[in-house]
Protein chains: 2
Amino acid sequence: MEARDLDAVLVIGPGQHNPAMVYLIGGAHLTQAILLKKRGEEAVLFHMPMERDEAALTGLKTSSLGKYRITDLIKEYKGDVLRAFVKRTKMMLEDMNLTEGRIALYGNYDAGASYGLFSALSDALPKLKIIGEVGDSMLLQVRATKDETEVARIRHMGGITTSVVGKVAEYIGTHTVRNEMLVKKDGQPLTVGDIKSRINLWLAELGAENPEETIFAIGSEAGVPHTTGSPELPLRLGQTIVFDIFPCEAGGGYYYDFTRTWSLGYATDESLRLYEDVYAVYKQIMDELEANVHCPAYQERTCELFEAQGHTTIRTNPQTQEGYVHSLGHGIGLNVHERPYFGTSATGADRTDPGTVFTIEPGLYYPERGMGVRIEDTVWVRPNGQIEILAEYPYDFVLPVKGK
Amino acid sequence: MEARDLDAVLVIGPGQHNPAMVYLIGGAHLTQAILLKKRGEEAVLFHMPMERDEAALTGLKTSSLGKYRITDLIKEYKGDVLRAFVKRTKMMLEDMNLTEGRIALYGNYDAGASYGLFSALSDALPKLKIIGEVGDSMLLQVRATKDETEVARIRHMGGITTSVVGKVAEYIGTHTVRNEMLVKKDGQPLTVGDIKSRINLWLAELGAENPEETIFAIGSEAGVPHTTGSPELPLRLGQTIVFDIFPCEAGGGYYYDFTRTWSLGYATDESLRLYEDVYAVYKQIMDELEANVHCPAYQERTCELFEAQGHTTIRTNPQTQEGYVHSLGHGIGLNVHERPYFGTSATGADRTDPGTVFTIEPGLYYPERGMGVRIEDTVWVRPNGQIEILAEYPYDFVLPVKGK
């Protein structure tokens with residue numbers, strides 16, 4: 001806060017699925033809450049009256065929003081909800097002796113309500129400068145570096161993630177093949193939707209959830225990086241399957257992010273060559289990865305390596321939809337994507353500093369040839385600068401199926 | 001839009017777990033997207049280049065954000081991310097011929113980024129009036145009334161919810177009793193955490209998730225309405241359990257909201273009286289419930305009924321933490337809490353209009369006596385004005401256990 005000359009931080013929104021709030025209060029089942037932290041002082045968590053026990057569980061100093069009597073304020077302002085909320089926020093800030101200086105604002109909230117409320121508050125408290133950071137926020141920078149507890153939680157999610165991936169591989173292997181497709185006991189084709197239901201179930205069993213779903217994209221769908229996979233598609237042999245899974249702790253905590261690409265039963269020569277190209281670049285980057293380096297340097301290096309193999313990259317053609325089309329990785333924590341960034345959003349602060357946790361995920365995509373390959377692991381830069389993959393898993397491309 | 005004199009609507013944020021976006025695009029796996037809808041014109045969905053296929057699945061007119069070359073803009077502005085994003089948004093609005101008039105802003109987004117970006121945009125486009133509605137938003141009002149497809153989806157979630165509640169009751173019944181506690185086969189007490197794991201599992205099996213968790217609060221925890229229940233607590237006989245479950249479709253769609261209060265094995269005279277009081281008020285309100293009534297009238301009526309039974313209510317004492325301490329219900333849809341409101345946030349527009357779907361959930365809480373009772377169903381006001389509970393479930397208070 002000192003570096004950015006901030007006098008206070010204000011975080012709004014729910015107590016879960018709200019990374020800025022979860023980071024500062026540790027997660028709590030609060031429908032809506034307000035956290036105010038003045039520089040050098042203890043944070044205060046304002047909560048709804050009937051959520052007092054949940055608020056108290058955070059161990060923070062708490063204060064009930066009930067005392068600001070929003071109903072009476074709305075009546076006083078003849079139903080003008082905006083004026084009532086501005087007045088309430090002003091009263092809270094006055095109680096905290098925070099009516100001037102610089103205050104940074106964070107938290108998941110309705111965009112319109114944020115703009116409306118804080119524009120009006122800014123008019124009501126002209127000496128208070130509300131800082132709404134876009135992109136390069138202080139909190140995101142602080143959150144880029146993880147402490148041991150955070151790393152342990154991400155590592156635990158890594159264990160859950162690779163365990164579920166193992167279960168999927170095993171489950172696929174129990175099916176028989178008919179007409180180049182996997183079929184279930186009832187003779188119906190095994191589909192992407194069947195796999196995804198199992199994934200959700202296994203994640204729930206292990207205390208995880210996947211609020212952002214899972215990518216299980218086969219064939220031409222594997223050729224577009226963020227296509228999640230149509231549930232009705234059957235699992236055909238010899239097609240690339242991009243399996244990208246990024247669950248978080250149940251209730252909205254720390255994430256893990258992991259990708260393998262599989263081909264069932266056998267691989268075509270063409271897809272095997274593609275896999276080998278991606279795997280070679282993955283290995284090369286992992287070998288070169290070091291602490292204290294500007295992340296975009298590795299994005300440049302990845303482009304260089306793919307270009308040497310003859311692929312188009314977003315460096316040679318920013319509009320390309322074939323070849324290497326995305327960035328090499330991203331930080332991960334309470335958001336599945338956070339700092340440090342490797343691609344277009346990176347600033348000077350995006351570095352492989354000790355304590356950072358991020359993904360390395362090179363990939364190649366050829367939608368018109370019906371294939372795509374991505375390999376992804378989540379790594380941690382240890383305090384001593386060593387790079388560690390937080391959950392190991394084999395890199396086999398061809399997944400054996402019965403009789404193949 | 002006409003009634004509010006709006007020229008356009010702008011929705012930002014992810015394609016999932018973002019009610020305003022999901023309502024308008026039908027849900028899509030988009031990391032970040034921008035929807036622009038001009039009055040009387042087709043909406044345009046701006047998406048990240050590699051999410052083009054997911055965007056296309058919405059059936060909307062789409063446009064790639066790639067053409068605005070944010071990387072080049074950030075370079076041009078020497079790393080000033082805010083200026084680059086303001087410029088990009090300005091270019092998009094210019095392409096849509098939307099540089100003046102009134103535009104309403106919605107969507108889950110970082111509060112600080114929303115305030116920062118749209119304050120700066122407002123300065124850059126002085127003829128454009130950005131409307132950030134607090135509380136009484138047009139979109140929330142539109143969303144209060146559900147069409148048949150929406151009701152079918154909420155009803156389907158109701159079926160899943162009551163099916164899981166039934167499974168929980170059955171599961172509890174399979175346990176034996178020792179020292180007034182339920183015990184598992186290994187002799188260890190059955191805990192709230194055990195129940196919650198099962199709930200997550202069964203919800204996942206049925207294609208649902210509970211991003212806001214589940215309340216399973218026993219004894220004194222049942223005495224505080226939003227206390228979710230400590231996982232380590234054993235299930236003791238003769239204590240009130242408030243079981244409030246509010247899952248949504250997997251991926252973040254429509255919610256259902258449902259509460260029953262149970263007492264295992266037997267009920268004390270005191271808790272039985274409390275249950276009977278709440279049930280009587282529940283029945284009375286359900287009998288009186290009609291279409292086209294101002295919702296707060298039912299809140300007043302509920303207070304009147306509880307007061308006649310001798311309980312304190314938030315009407316007689318707005319600060320009370322005993323007796324009837326919350327509002328009677330709330331609309332439900334893509335948010336677990338939305339319009340119409342019955343309590344402090346209600347305006348003149350909060351009415352039991354045909355098409356609305358809302359909860360009715362009277363309750364009484366006595367934390368110091370170690371008990372609380374709430375009964376909740378989700379109802380739909382049919383187009384003909386009839387009130388229908390969307391998922392029926394028995395109102396038994398005492399849940400039998402083995403040998404009791």
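# Helix faces, salt bridges and an interface

User: Let's kick off with α9(A): which residues are exposed on the other side of this helix?
Analyst: Helices (H or I, at least four residues) and strands (E, at least two) are DSSP runs, numbered from the N terminus. Exposed means over 50% relative accessible area, buried under 20% and partly exposed in between, with a 1.4 Å probe and protein chains only. On the other side of α9(A), the exposed ones are A:D269, A:R273 and A:D287.

User: Before we go on, which pLDDT must side-chain atom pairs have to count?
Analyst: Residues are numbered from 1 along each chain as its sequence is written, while chains are lettered from A and ligands numbered from 1 in the order in which they are written. Side-chain values use heavy atoms, with hydrogens and water left out, and since this is a predicted model, totals for chains, interfaces and linings use all residues, local features need pLDDT of at least 70, and side-chain atom pairs count only at pLDDT 80 or more.

User: Back to α9(A), within what arc do its buried residues fall?
Analyst: The buried set is A:S271, A:L274, A:Y275, A:V278, A:V281, A:Y282, A:I285 and A:M286. Looking down the helix axis, these residues line one face, because they fall within a limited arc (of the directions from the axis to the C-beta atoms). That arc is 135°.

User: How far apart are the end C-alpha atoms of helix α9 of chain A?
Analyst: The expected span is 1.5 Å times one less than the number of residues. For the 20 residues of α9 (residues 269-288) of chain A that should come to 28 Å. The model agrees, with the end C-alpha atoms separated by 29 Å.

User: Salt bridges next: which residue forms one with A:R153?
Analyst: A salt bridge here is a side-chain nitrogen of Lys or Arg within 4 Å of a carboxyl oxygen of Asp or Glu. For A:R153 the closest N and O atoms are 2.9 Å apart, and the partner is A:E249. Since A:R153 sits in helix α7 (residues 148-173) and its partner in strand β13 (residues 248-249), the pair ties together parts of chain A that are 96 residues apart in sequence. At 33% relative accessible area A:R153 is partly exposed, while at 14% the buried partner is A:E249.

User: And in chain B, how many residues apart are the parts tied together by B:E288 and B:R301?
Analyst: The two side chains meet in a salt bridge at 2.8 Å, N to O. B:E288 lies in helix α9 (residues 269-288) of chain B and B:R301 in helix α10 (residues 296-308), so the separation in sequence is 13 residues.

User: Are B:R374 and B:E361 buried or exposed?
Analyst: Their side chains form a salt bridge at 3.8 Å, N to O. It ties strand β19 (residues 371-374) to the loop between β17 (357-360) and β18 (363-366), because B:R374 lies in the strand and B:E361 in the loop. Both residues are buried.

User: How many residue pairs are in polar contact across the interface of chain A and chain B?
Analyst: Contact means heavy atoms within 4.5 Å, and on that count 63 residues of chain A touch 63 residues of chain B. The rule finds zero salt bridges across this interface. A polar contact is a pair of N or O atoms within 3.5 Å; within protein, one must be able to donate a hydrogen and the other to accept it, and residues adjacent in sequence count only if both atoms are side-chain atoms. With both residues at pLDDT 80 or more, the number of such pairs is 19.

User: Which element gives the most to the side of chain A that touches chain B?
Analyst: Elements that each supply at least two residues there include α4 (81-95), β5 (101-106) and α8 (192-205) of chain A. With 10 residues, the top contributor is α5(A).

User: What area do the two chains bury between them?
Analyst: Buried area is the accessible area (1.4 Å probe) that two parts lose on being put together, summed over both. Of the area for chain A and chain B, 59% is on carbon and sulfur atoms, and the total is about 5300 Å².

User: Which backbone oxygen does the side chain of A:T89 reach?
Analyst: A:T89 sits in helix α4 of chain A and is buried at 10% relative accessibility. Leaving aside neighbours within four places in sequence, A:T89 is in contact with A:L117 and A:L121. At 2.7 Å, its side chain reaches the backbone oxygen of A:F85.
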